[in-house]
Amino acid sequence: MKIAISGKGGVGKTTLAALMGQFYADAGRDVLAVDADPSPCLAGALGFPEEQRSQLSPIAEMDALIEERTGAKPGTTGGFFTLNPRVDDIPERFSISHRGVRLLEMGSVDLGGSGCICPESAMLKTLFMHLLFRKDDVLILDMYAGVEHLGRASVDFVDAMLVVVEPTRRSLGTAAQIKKLANDIGLSGLWLVGNKVRNEADAEFLSAATPGIPLLGYLPADLMVQEADRLGEAVYDYVPSLRESAEDMANRLVEEIGARDE
Ligand SMILES: Nc1ncnc2c1ncn2[C@@H]1O[C@H](COP(=O)(O)OP(=O)(O)OP(=O)(O)O)[C@@H](O)[C@H]1O
Ligand SMILES: [Mg+2]
């Protein structure tokens, strides 16, 4: 199951990615969490220890390796390169694992493009396939804010896209743009996740205004989220209200995707 998480800046994409990733890992699945933000922070949200985080180098720094394995320089298109480069040694060199979640930082590798089959996306795709070889394995892609990075290449990478929104018109506006783009590029399986929901009125605002995307669920607003951040604790461990809501959504998503694929 490959899940991407998108939405406007600051709505809670990374928080949701960390919650869902840890939930699936605790449920016994192999989880690959991919931080696609050029200023990565998923490691922190997952509570990776500092010593491990300092060892991590983003895949974008693999330029030389991508060229060696695919036969073409990253950023080039149109030339010849191999579509199934050797990747078996890459997880050990470019990812870290903690409590059942393997984390990879993409750096500035762009999944946008215009359906670009470029050396770096061939490399990433092969790598994901290599790491997620069982049906139950889970990929969680924490995307860069906004819509620019949602290009055709992302279609290849995901089964479901969660669009995180706050109960504000602005974040719903971004969700509507994401929906339009998703339609244009043929990406299906869009779900809305409401975050920072304070009360019934917020929940009603979101369900009334949803831009035609089915609602997967809500995460409540909880000041303990900021406290967890200050203490360097994972929200999953520190904030029960968010953990429980995320668990419900993660379970529902498994059911929905399972039902769809049968
Ligand atoms: N349910 C919540 N209740 C209270 N605060 C929250 C909640 N969810 C997220 N936050 C806070 O909102 C801020 C943004 O969260 P987060 O980093 O997860 O968003 P993001 O969408 O990944 O942001 P960016 O676009 O910068 O990557 C953080 O300070 C986080 O602590
Ligand atoms: Mg983020």
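Buried means under 20% relative accessible area. The structure above is a predicted model. Work through the exercises in order.

**Exercise 1. Helix 1**

Task: Find how many residues of helix 1 are buried, and which they are.

Solution.
- Start with the length. Helix 1 has 14 residues.
- Check the span. From first C-alpha to last, helix 1 reaches 20 Å, close to the 20 Å expected at 1.5 Å a residue.
- Apply the cut-off of under 20%. Of the 14 residues, 12 are buried, so helix 1 is mostly covered.
- Name them. The run Lys13 and Thr14 is buried, as are Leu16, Ala17, Ala18, Leu19, Met20, Gly21, Gln22, Phe23, Tyr24 and Ala25.
- Look past the end of the helix. Gly28 follows helix 1 and has a positive phi, near 95°.

**Exercise 2. The nonpolar cores**

Task: State which helix gives the most residues to the largest nonpolar core.

Solution.
- Recall a general tendency. In soluble globular proteins, nonpolar side chains tend to be buried together.
- Size the core. The largest nonpolar core has 43 residues.
- Pick out the members that touch the most others. They are Ile3, Leu16, Tyr24, Leu103, Ile140, Leu162 and Leu253.
- Name the helix. Helix 1 (residues 13-26) gives the most to this core, with eight residues.
- Follow one member. Leaving out residues up to four places away in sequence, Leu16 touches Ile5, Leu162, Val164, Val193, Leu219 and Met249.
- Note the other core. A second, separate core has 41 residues, including Leu132, Leu141, Val165 and Val197.

**Exercise 3. Thr126**

Task: Decide whether Thr126 is buried or exposed, and list its contacts.

Solution.
- Place the residue. Thr126 lies in helix 6 (residues 119-131).
- Compare the value with the cut-off. Thr126 has 11% relative accessibility, so Thr126 counts as buried.
- List the contacts. Neighbours within four places in sequence aside, Thr126 meets Leu83, Asn84, Pro85 and Val87.

**Exercise 4. The two largest pockets**

Task: Describe the lining of the largest pocket and of the second largest pocket.

Solution.
- Take the largest pocket. Its volume is about 570 Å³.
- Count its lining. There are 26 residues, and Thr14, Thr15, Ala45, Val225 and Asp229 lie nearest the centre.
- Trace the elements. Helix 1, helix 2 (42-45), strand 7 (190-197) and helix 10 (224-231) give two or more residues each. Helix 10 gives the most, with four.
- Sort the lining by class. It has 11 nonpolar, eight polar and seven charged residues.
- Turn to the second largest pocket. Its volume is about 250 Å³.
- Count again. The second largest pocket is lined by 10 residues, with Met1, Lys135, Ile257, Gly258 and Asp261 nearest its centre.
- Sort again. This lining has three nonpolar, one polar and six charged residues.

**Exercise 5. The cavity**

Task: Work out how many cavities of 30 Å³ or more the structure holds, and what lines the largest cavity.

Solution.
- Recall the method. Rolling a probe the size of a water molecule over the atoms shows where empty space is left.
- Count. The structure holds one cavity of 30 Å³ or more.
- Give the volume. The largest cavity has about 30 Å³ of space.
- Name the lining. Ala18, Gln22, Ala45, Leu46, Arg99, Ala234, Tyr236 and Asp237 line the largest cavity.
- Match elements. Helix 1 and helix 11 (235-238) each supply at least two of these lining residues.
- Sort by class. The lining of the largest cavity has five nonpolar, one polar and two charged residues.

Notes
Residues numbered from 1 in each chain as written. Chains lettered and ligands numbered in written order. Predicted model: local features only at pLDDT ≥ 70, side-chain atom pairs only at ≥ 80, totals over all residues. Heavy atoms only, no water. Core = buried A, V, L, I, M, F, W, Y, C linked by side-chain atoms within 4.5 Å. Buried < 20%, exposed > 50% of the residue type's maximum accessible area, 1.4 Å probe, protein only. Contact = heavy atoms within 4.5 Å. 1 Å grid on protein atoms, 1.4 Å probe; cavity = no way out; pocket = protein on both sides within 12 Å on 5 of 7 lines; lining within 4 Å. Points joined across faces, edges and corners; volume = space filled by probe spheres on them. Nonpolar A, V, L, I, M, F, W, Y, C, P; charged D, E, K, R; others polar. Expected span 1.5 Å × (residues − 1).
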